[in-house]
Amino acid sequence: MASVRVGVIGAGWIGLDHMRRLTQVVPGAEVTAVTDVDAERAAQAAARFPARTLPTGADLVAAPDVDAVLVTSWGPTHAEHVLNAVAAGKPVFCEKPLATTAEDCLRIVKAEMASGRRLVQVGFMRRYDAGYRELKDVITGNGIGAPLMVHCAHRNAGAPASYTSPMAAQDTAVHEIDVLRWLLDDEIVSAQVLTPRATGRRHPHLKDPQFMLFETARGVRIDLEVFVNCQYGYDIQCEAVGETGVARLPDPAAVSLRSAGRHGRAVLQDWQHRFASAFDTELREWVAGVAAGGEPQGPSAWDGYAATVITDAAVESLESDGQVVNVDLQDRPVFYSP
Ligand code: NAD
Ligand code: ISE
């Protein structure tokens with residue numbers, strides 16, 4: 001079977017990592033074209049993988065040697081590229097967020113529905129993590145009875161000066177927001193963000209840590225600590241408490257070391273390593289689906305819309321001193337039924 005020819009918009013951090021994946025890890029794919037508003041970056045990526053460069057995202061989407069599009073540019077530019085791909089009838093994988101406003105997400109949803117088939121997948125890679133998949137199997141298989149509460153933590157070792165307080169929801173908690181909707185097969189109906197005493201190890205403008213509370217339609221309560229300057233490493237925790245049991249996301253495998261009077265395990269330092277195999281599986285399954293001519297099975301444009309509306313509610317709560325904010329989602333069209 002011929003390779004899926006992928007065009008990549010945005011040759012930054014994750015764009016380069018995905019190009020490496022598509023050319024070295026994922027079978028059945030090649031990168032044929034790349035574009036970046038920074039022409040030098042595009043040229044370097046094109047030389048490395050190798051591919052041709054094109055001046056703009058619109059040129060790349062229209063290119064005859066591009067079967068499918070990967071969007072890894074900055075969030076506010078995603079909607080334009082995804083809409084172009086949908087208009088061209090080409091499958092498009094878009095890194096999170098699908099779009100930075102609910103209105104743009106809905107434009108994508110409407111365009112995709114008008115096209116008559118699903119073309120869009122959003123890069124919520126945690127759904128491809130082996131630990132989260134096992135946790136979902138336990139919950140779905142009634143292993144803990146009806147879920148009642150979920151305790152989560154999302155910790156990054158440090159955050160750059162460009163990281164702002166709303167990004168704790170938009171950039172960071174958005175992963176829990178997506179994976180918890182999927183894990184619980186439930187919808188988030190309200191959000192509240194509280195700010196404890198701030199760490200001294202942050203840039204002064206930043207509210208860090210943040211304590212987020214979500215409620216689902218079935219009444220499950222979720223607490224999520226987002227702490228992006230925790231210093232010690234990258235740490236993702238998730239524990240679901242049900243009527244008959246408790247299920248916990250496993251920590252990544254690590255050697256247990258007893259030495260010099262201590263007993264411990266190393267903690268990973270970044271999301272690239274923590275979710276490396278989830279990213280691999282995510283792109284492997286996406287490419288296989290595109291090659292088979294099927295519709296994408298991963299997080300949909302609707303999931304991207306829901307995540308943006310829920311993060312908007314969390315940011316509104318943060319900016320209104322911790323008010324509980326209701327999530328105002330439209331009804332899910334049948335087109336996006338699970
Ligand atoms: P980055 O700044 O390193 O790279 C983005 C690149 O896109 C830059 O080279 C920039 O010049 C280019 N670009 C911006 N607008 C463009 C446009 N309209 N057309 C072409 N090129 C354009 O950023 P990054 O860290 O790679 O993040 C990119 C996206 O990936 C963001 O949406 C981010 O939220 C997402 N991301 C997802 C994860 C994850 O865990 N799934 C992790 C990191 C980043
Ligand atoms: C980053 O953009 C990611 O997506 C990472 O997964 C997350 O841990 C980090 O906080 C974000 O900034």
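Select N156 and ligand 2 together: in this predicted model, a polar side-chain atom of N156 lies 2.9 Å from an oxygen atom of ligand 2. With ligand 2 still centred, add D171, where an N or O atom of the side chain is 2.8 Å from an oxygen atom of the ligand, and then Y234, whose side chain likewise places an N or O atom 2.8 Å from an oxygen atom of ligand 2. The protein covers 86% of the 310 Å² of accessible area that ligand 2 has on its own.

To see the whole surroundings of ligand 2, extend the selection to K96, H154, N156, D171, T172, H175, Y234 and W271, which are the residues around it. Colouring this shell by class should give two nonpolar, four polar and two charged residues. Which element gives the most to the shell around ligand 2? That element is α7, with three residues.

Move next to ligand 1, which 25 residues surround, the closest being I14, D36, R41, W74 and K96. K96 has thus appeared in both selections, since it is listed around ligand 2 and among the closest residues to ligand 1. For the polar atoms, display the side chain of R41, where an N or O atom is 2.6 Å from an oxygen atom of ligand 1. Then display H78, with a side-chain N or O atom 3.3 Å from an oxygen atom of ligand 1, and H175, for which the corresponding distance is 3.4 Å. H175 is also one of the residues around ligand 2.

With these side chains on screen, the cover of ligand 1 can be examined: on its own ligand 1 has 850 Å² of accessible area, and the protein covers 86% of that. Highlight α1 (13–24), α4 (78–87) and α7 (167–184), which are the elements that give two or more residues to the shell around ligand 1. By class, this shell has 10 nonpolar, 10 polar and five charged residues.

Before leaving this part of the chain, select S73, which lies in the loop between β4 and α4. Is S73 buried or exposed? Its relative accessibility is 18%, and because the cut-off for buried is under 20%, S73 counts as buried. The side chain of S73 makes a polar contact of 2.7 Å with the side chain of T77.

Now switch to a cartoon view and select the open sheet of six strands, whose order is β3-β2-β1-β4-β5-β6 and whose pairing is parallel. At its edges are β3 (52–53) and β6 (120–122), each of which pairs on one side only. Going inward, select β1 (residues 4–9) and β2 (residues 29–35), which run parallel and are joined by six bridges; within this pairing, V8 stands opposite V34 in β2.

On the other pairing of β1, four bridges connect it with β4 in the parallel sense, and the bridge partner of V6 in β4 is A68. Strand β4 (residues 68–71) deserves a view with side chains shown, for both of its faces are covered: A68 and L70 on one side, and V69 and V71 on the other, are all buried. From β4, continue to β5 (residues 92–94), which runs parallel to β4 and is joined to it by three bridges; here V69 has V92 as its bridge partner in β5.

For the last stop, turn to the aromatic rings, of which a search of the whole structure finds seven pairs. Select W302 and Y305, whose ring centres are 4.7 Å apart with the planes at 50°, so this pair is tilted. W302 and Y305 both lie in helix α10 (residues 301–319), three residues apart, which is about one turn of the helix, and both are buried.

Keep W302 selected and add Y336: the centres of these two rings are 6.1 Å apart and their planes are at 25°, so the pair is stacked. This pair links distant parts of the chain, with W302 in helix α10 and Y336 in the segment after β15 (325–326), 34 residues apart. Both W302 and Y336 are buried. To finish, add F335 to the selection, and the view then holds one aromatic cluster formed by W302, Y305, F335 and Y336.

Key: Residues are numbered from 1 along each chain as its sequence is written. Chains are lettered from A and ligands numbered from 1 in the order in which they are written. This is a predicted model: local features need pLDDT of at least 70, side-chain atom pairs count only at pLDDT 80 or more; totals for chains, interfaces and linings use all residues. Side-chain values use heavy atoms; hydrogens and water are left out. A residue is near a molecule or strand if one of its heavy atoms lies within 4 Å of it. A polar contact is a pair of N or O atoms within 3.5 Å; within protein, one must be able to donate a hydrogen and the other to accept it, and residues adjacent in sequence count only if both atoms are side-chain atoms. Accessible areas come from the Shrake-Rupley method with a 1.4 Å probe; for residues, only the protein chains shown count as cover. Ala, Val, Leu, Ile, Met, Phe, Trp, Tyr, Cys and Pro count as nonpolar, Asp, Glu, Lys and Arg as charged, and the others, Gly among them, as polar. Two strands pair if DSSP finds at least two bridges between them. Rings of Phe, Tyr and Trp (its six-membered ring) pair if their centres lie within 6.5 Å; planes under 30 degrees apart count as stacked, over 60 as edge-to-face and the rest as tilted. Buried means under 20% relative accessible area, exposed over 50%, partly exposed in between (1.4 Å probe, protein chains only).
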